[in-house]
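This report is meant for a reader meeting the structure for the first time. It begins with the chain as a whole and then turns to its cores and to one strand residue.

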Amino acid sequence: MRRFVVVAALVTALTGFGVTSALADSFVVQHDRFSLEMSYVDTSTCSFPIAVSSSVNIDDALFFDANGNLVRVLETVNQAVFKYSAHGSTLTARGSGGIDIRFNPDGSVNAATFGINLLLTIPKYGAVFLDTGKAEYLFDPHIHVLFHAGPASYDVAAFCAALA
């Protein structure tokens, strides 16, 4: 479910991506590499607020058609680190993976995750968050799950107890 939320947020953000450059009569690929750091307070997962911070390295390939329209985003996320803190305790998750987003002529968007690998463990307990595999979604504007493979397990009760 968390993978679904992340994909939905990314597709929503990219749908508003505007392209204003004039391009030649050929298919153009623009590569970009950057790091991103974010932080926010999560008030919905546990009965108390959790400070969340993340840092990721991202490699993007943006595909433009001959008219300069963005038609595809191929994004690979590596060395992702998520820290969850509350009541003096901090849990760290690490992950990697990617997403292939394709903007269809009818206005719908296909999004496929690949190589997802997210793991958060608690000492003497084991894996609390484990998300691996692949998923495919269609946004038309409703969100449809087309395919999901690989284990995805989120032990929210153990997560909250470890931060309580």
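The protein chain holds two helices and eight strands, where helices (H or I, at least four residues) and strands (E, at least two) are DSSP runs, numbered from the N terminus. Along the sequence these elements follow the pattern α-β-β-β-β-β-β-β-β-α. This is a predicted model, in which local features need pLDDT of at least 70 and side-chain atom pairs count only at pLDDT 80 or more, while totals for chains, interfaces and linings use all residues. Residues are numbered from 1 along each chain as its sequence is written, and side-chain values use heavy atoms, with hydrogens and water left out.

Of the 164 residues in the protein chain, 35% are buried, meaning under 20% relative accessible area with a 1.4 Å probe, protein chains only.

The largest nonpolar core (buried Ala, Val, Leu, Ile, Met, Phe, Trp, Tyr and Cys residues joined through side-chain atoms within 4.5 Å) has 17 residues, and F48, I50, Y84, L120, V128, F159 and L163 touch the most other members. The elements tabulated here are among those that each supply at least two residues of this core.

| Element | Residues |
|---|---|
| β2 | 50–64 |
| β3 | 70–86 |
| β4 | 89–103 |
| β6 | 126–139 |
| α2 | 156–163 |

Helix α2 gives the most to this core, with four residues. Apart from this core lies another, of 12 residues, including L62, F64, A111 and F139.

A112 is found in strand β5, residues 109–122, and is buried, with a relative accessible area of 19%. Leaving aside residues up to four places away in sequence, A112 touches G98, I99, D100, A135 and E136, a contact being heavy atoms within 4.5 Å. The C-alpha atoms of A112 and D100, 12 residues apart along the chain, are separated by 5.2 Å.

Note on methods:
Buried means under 20% relative accessible area, exposed over 50%, partly exposed in between (1.4 Å probe, protein chains only).
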